[in-house]
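Here's a short set of exercises to work through with the coordinates loaded. Try each task on your own before you read the solution.

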Amino acid sequence: MRDKKVWLITGAGRGMGVDIARAALDAGDAVVATARKAGSVTAALGEHDDLLAVKLDVTDPADAEAAVKATIERFGRLDVLVNNAGNFNAGFFEEISPQAFRAQIETTLFGPVNVARAALPVMRAQRSGLLVTISSTAGIVGQEFCTAYAASKFGVEGWIESLTSEVAPFGIRTMLVEPGFFRTELLTPESTQYAVSSIGDYAERTKQTVAAWNGMNGRQAGDPAKLASTLVQLAGQEEPPLRFAAGTDAVAAVEQKAQTLLTQAGAHRELSGNLAHDDA
């Protein structure tokens, strides 16, 4: 028999968060589904005996503490935290305002940090738990028009990779999920903000990129519902993977980046080997 788990999922008022919450409920688990407006969770998922809708702005540490407290008060424990909430500030670096760049980091790096900081004491006391963090192939491979988003996701990758060994002695596991292109709401106007085109040198590339991404919206190959079911399956494993590249495009991106790093590391091996003190 599969043990019933208690999930806390951020960004569950729409998009992939709804799919993850629904998959966990369908598996017989209990779910605390959060969003900036709790009503959006109920509108998306309806009423369920094992569902608690909670308001949570991930950029607010007090909200994170309150969401974890509500989880414990309702269900008595917290087994799986899914840091899923996010947005996308897109544009060429010189055109993204400092405020927009910082806002991206606040939401998609410090947001997960805030919620994890609230949840880890509970998991540590339980001596069990799984911290699932939705990263991106943008956390593996940088690309133009994604400087702010990639900066936040590269930060998430380094944070979780470092955190893993810190919390492992307490029975807490981590899993980074690196989706490729999925048919989520990330490229919709509700989630994506484009920098105002203000520099002529970038104007044509901006126009082409925005048009391409708008054309891609709703046609991405990845099925969020299938990914959600897969995450529930992986969360049930005794040793979930430290990284899960989600989608064939994600696997290809990770493989290409690994090869690129190996090539770059070996390109100047002799110079690298001549940097030690002579008496070393």
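**Exercise 1.** How many residues of strand β6 (residues 129–134) are buried?

*Solution.* Keep in mind that this is a predicted model.
- Step 1: a residue is called buried when its relative accessible area is under 20%.
- Step 2: run that test along β6, and 6 of its 6 residues pass, so by the under-20% cut-off the strand is mostly covered.

**Exercise 2.** Sort the β6 residues by face, then say which of them are buried on each side.

*Solution.*
- Step 1: in a regular strand, side chains alternate between the two sheet faces.
- Step 2: one side of β6 gets G129, L131 and T133.
- Step 3: L130, V132 and I134 go to the other side.
- Step 4: every residue in both sets is buried, which leaves β6 covered on its two faces.

**Exercise 3.** Find what β6 pairs with, and in which sense.

*Solution.*
- Step 1: look at strand β4 (residues 80–83); it runs parallel to β6, and 4 bridges join the two.
- Step 2: for a concrete pair, take L81, whose bridge partner in β6 is L131.
- Step 3: now try β7, which pairs with β6 over 6 bridges, again in the parallel sense.
- Step 4: here V132 makes a handy marker, with M175 as its bridge partner in β7.

**Exercise 4.** Is E178 buried or exposed? Locate E178 and list what it touches.

*Solution.*
- Step 1: E178 sits in strand β7 (residues 172–179).
- Step 2: its relative accessible area is 2%, so E178 is buried, the cut-off being under 20%.
- Step 3: leave out residues up to four places away in sequence, and the contacts of E178 include S135, S136, T137 and I140.
- Step 4: E178 also touches, among others, E157, R243, F244 and V254.

**Exercise 5.** Zoom out: what does the radius of gyration say about the chain?

*Solution.*
- Step 1: a compact globule of 280 residues would have a radius of gyration near 19 Å.
- Step 2: the chain has 20 Å, which agrees with that figure.
- Step 3: for the outline, the C-alpha atoms fill a box of roughly 60 × 55 × 35 Å along the principal axes.
- Step 4: inside it, the chain has 9 helices and 9 strands, and 46% of the 280 residues are buried.
- Step 5: of the contacts with a separation of 6 or more, 72% link residues 24 or more positions apart.

Methods:
Residues numbered from 1 in each chain as written. Predicted model: local features only at pLDDT ≥ 70, side-chain atom pairs only at ≥ 80, totals over all residues. Heavy atoms only, no water. Rg over C-alpha atoms; globule rule 2.2 N^0.38 Å. Buried < 20%, exposed > 50% of the residue type's maximum accessible area, 1.4 Å probe, protein only. Contact = heavy atoms within 4.5 Å. Pairing = 2+ DSSP bridges.
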